[in-house]
Amino acid sequence: MEDKEIQIGKYKVKVLRESCIGAASCIAVSPSVFKLDGDNKAVFVDGANDEPDNIVMAAQSCPTKAIVVIDTETGKQVWPE
Ligand code: SF4
């Protein structure tokens, strides 16, 4: 399955499905953006939304760095650094 990505505010957020181990720490930090699907992989909640800082914190909480955050205003990858 393809990696899914969405835009929230200025951030493009992507879950690298193959890297996700279902640790769910992203969901603990940002349950309004992430949820687990039937394969125990993180996917996006419908209408996902959260504060930009919290989205980055959720990405930083992932033990396998499966969440990529890109600032579309600067074109820079915010996480992983
Ligand atoms: S924290 Fe990382 S490994 Fe855990 S569910 Fe979220 S994306 Fe997957």
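This passage describes the sheet, the nonpolar core and the ligand surroundings of a predicted model. Residues are numbered from 1 along each chain as its sequence is written. Because the model is predicted, local features need pLDDT of at least 70, side-chain atom pairs count only at pLDDT 80 or more, and totals for chains, interfaces and linings use all residues.

Let us begin with the sheet. Four strands (DSSP E runs of at least two residues, numbered from the N terminus) make an open, antiparallel sheet in the order β1-β2-β5-β6, where pairing requires at least two DSSP bridges between strands. β1 (4-8) and β6 (76-79) each have a single partner strand, so one side of each is left without a neighbour in the sheet. Between β5 (residues 67-71) and β6 there are 3 bridges, and Val69 sits opposite Trp79 of β6.

Helix α2 (residues 52-61; helices are DSSP H or I runs of at least four residues) lies across β1, β2 (11-15), β5 and β6. Ile55 touches, among others, Ile8, Val13, Val33 and Val69, contact meaning C-beta atoms, placed from the backbone, within 7 Å.

The largest nonpolar core (buried Ala, Val, Leu, Ile, Met, Phe, Trp, Tyr and Cys residues joined through C-beta atoms within 7 Å; buried means 20 or more other C-beta atoms within 10 Å of the residue's own) has 17 residues. Ile55, Ala58, Ala59, Ile67 and Val69 have the most contacts inside this core, and α2 gives the largest share, 4 residues.

Finally, 15 residues surround the ligand (C-beta atom, placed from the backbone, within 6 Å), the closest being Cys20, Ala23, Cys26, Ala42 and Cys62.

Conventions
Two residues are in contact if their C-beta atoms, placed from the backbone, lie within 7 Å. Axes are lines fitted to C-alpha atoms, for helices over the stretch in contact, and angles run from 0 to 180 degrees between N-to-C directions. A residue is buried if 20 or more other C-beta atoms lie within 10 Å of its own, exposed if 12 or fewer, and partly exposed in between; C-beta atoms are placed from the backbone. Lists of a residue's contacts leave out its neighbours within four places in sequence.
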